[in-house]
Amino acid sequence: MDANRRNSGHSERSNQTDFRDMALGLVSTQSFPAIVGTADMMLKSAGVHLVGYEKIGGGHCTAIVRGKISEVRLAVETGEQTAKQFGQFISSLVIPRPFPNLELVLPISSRLSNLTNGAGHRLSNQAVGLLETRGFPAMVGAADAMLKAADVSLMSYERIGAGLCTVIIRGPVSDVAMAIEAGMFEAERIGELNAVMVIPRPLEDLDQTLPLASCWLEQRQPLRVPISVKEQEKELVEIPDLQKLPTPAQEEYL
């Protein structure tokens with residue numbers, strides 16, 4: 001009984017320790033390319049996990065990360081500096097030891113299970129290019145110009161309100177940079193260019209949170225099991241009745 005209590009107490013203390021070590025970090029910008037670039041720097045500066053993005057309209061986007069308190073503080077500080085360099089910073093927040101009810105109600109912990117669960121796609125491990133315009137025609141025209149200017153693939157697009165929409169491309173770094181440059185000229189010719197971003201080496205966490213068109217998803221192939229070849233049916237031979245067989249003559253011995 002005492003042993004059970006000690007084990008139970010030790011388990012509770014362990015869970016509390018794990019809980020106390022966790023924190024939430026949020027950085028908000030007013031551009032989707034800016035929040036992706038900010039999240040990229042946050043992931044590369046500290047040992048945190050990118051939960052995802054929250055888009056509330058009006059162009060406001062928030063990157064949500066979690067991890068140990070010290071790591072989250074470092075990531076948020078880096079994210080804030082990065083967003084300010086982009087000229088798109090709105091606000092930031094660090095919440096040490098968030099109350100469980102906060103994570104259950106807000107779209108925070110639930111998104112951990114809603115990611116791609118390790119499912120890959122054909123554009124993984126390639127550079128990411130993002131071009132944001134104000135107005136859909138400018139985005140479509142920029143996407144067309146980028147695809148014609150370099151060897152890149154159109155990954156998806158994202159809308160965040162206030163007329164802001166972002167086209168996302170993947171490909172080799174040099175091709176992505178060339179495509180973004182061509183897209184910028186076309187977007188400015190048609191409408192309004194708002195922001196651009198090129199991420200040469202996206203981490204897996206970032207890769208999983210980016211929108212992806214269904215045509216790029218890799219369908220899991222069924223396991224191929226060797227098919228057993230049925231043996232050819234052998235010709236049946238009728239066995240004669242032994243009683244009807246002729247009896248051989250017995251030799252007489254003198």
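**View 1. Helix 2 lies across four strands of this predicted model.** The strands it crosses are strand 5, strand 6, strand 7 (164-171) and strand 8, and helix 2 runs at about 20° to strand 8. Helix 5 also lies across strand 5, strand 6, strand 7 and strand 8, but its reference strand here is strand 7, to which it runs at about 15°. For orientation as you look around, the protein has seven helices and eight strands.

**View 2. Four strands form an open sheet.** Follow the strands from one side to the other and you will meet them in the order 6-7-5-8, with antiparallel pairing. Which strands stand at the edges? They are strand 6 and strand 8 (192-199); each has a single partner strand, so one side of each is left without a neighbour in the sheet. Ignoring direction, neighbouring strands of this sheet are turned by 20° against each other on average. A helpful reminder: strands of a sheet pair through backbone hydrogen bonds, and the pairing can be parallel or antiparallel.

**View 3. Strand 5 meets strand 8.** Strand 5 (residues 127-134) and strand 8 run antiparallel and are joined by seven bridges. To find your place along this pairing, look for Glu-132, which stands opposite Ala-195 in strand 8.

**View 4. Strand 2 and strand 3 make a hairpin.** Strand 3 covers residues 60-68, and its antiparallel pairing with strand 2 extends over seven bridges. One spot to look for is Gly-52, whose bridge partner in strand 3 is Ile-64. How many residues lie between the strands of this hairpin? There are two, and Gly-58 in the hairpin takes a positive phi near 65°.

**View 5. Helix 2 packs against helix 3.** Two packed helices are described by the angle between their axes and the distance between those axes. Here, the axes of helix 2 and helix 3 (residues 69-86) come within 8 Å and cross at roughly 145°. The crossing of helix 2 past helix 3 is right-handed. Residues that make the contact include Ala-34, Gly-37, Thr-38 and Met-41 of helix 2, together with Leu-74, Ala-75, Thr-78 and Gly-79 of helix 3.

**View 6. Phe-32 and Tyr-53 form an aromatic pair.** A search of the whole structure finds two aromatic pairs, and this is one of them. The arrangement is edge-to-face, with 5.8 Å centre to centre and 70° between the planes. Phe-32 lies in helix 2 (residues 32-45) and Tyr-53 in strand 2 (residues 49-57), so the pair ties together parts that are 21 residues apart in sequence. Are these rings buried or exposed? Phe-32 counts as buried because its relative accessibility is 1%, and Tyr-53 counts as buried at 5%.

**View 7. Phe-136 and Tyr-157 form an aromatic pair.** This pair is edge-to-face, at 5.9 Å centre to centre and with 65° between the planes. Phe-136 belongs to helix 5 (residues 136-149) and Tyr-157 to strand 6 (residues 153-161), so the pair links distant parts of the chain, 21 residues apart. Phe-136 counts as partly exposed at 44% relative accessibility, and Tyr-157 counts as partly exposed at 38%.

**View 8. Lys-84 lies over the face of Phe-89.** Look for the ring of Phe-89 and then for Lys-84, which is placed at 5.3 Å from the ring centre.

Notes. Residues are numbered from 1 along each chain as its sequence is written. This is a predicted model: local features need pLDDT of at least 70, side-chain atom pairs count only at pLDDT 80 or more; totals for chains, interfaces and linings use all residues. Side-chain values use heavy atoms; hydrogens and water are left out. Rings of Phe, Tyr and Trp (its six-membered ring) pair if their centres lie within 6.5 Å; planes under 30 degrees apart count as stacked, over 60 as edge-to-face and the rest as tilted. Buried means under 20% relative accessible area, exposed over 50%, partly exposed in between (1.4 Å probe, protein chains only). A charge sits over a ring if NZ of Lys or CZ of Arg is within 6 Å of the ring centre and within 35 degrees of the ring normal. Two strands pair if DSSP finds at least two bridges between them. Axes are lines fitted to C-alpha atoms, for helices over the stretch in contact, and angles run from 0 to 180 degrees between N-to-C directions. Contact means heavy atoms within 4.5 Å. A crossing is left-handed if the near helix is turned anticlockwise from the far one by less than a right angle, and right-handed if clockwise.
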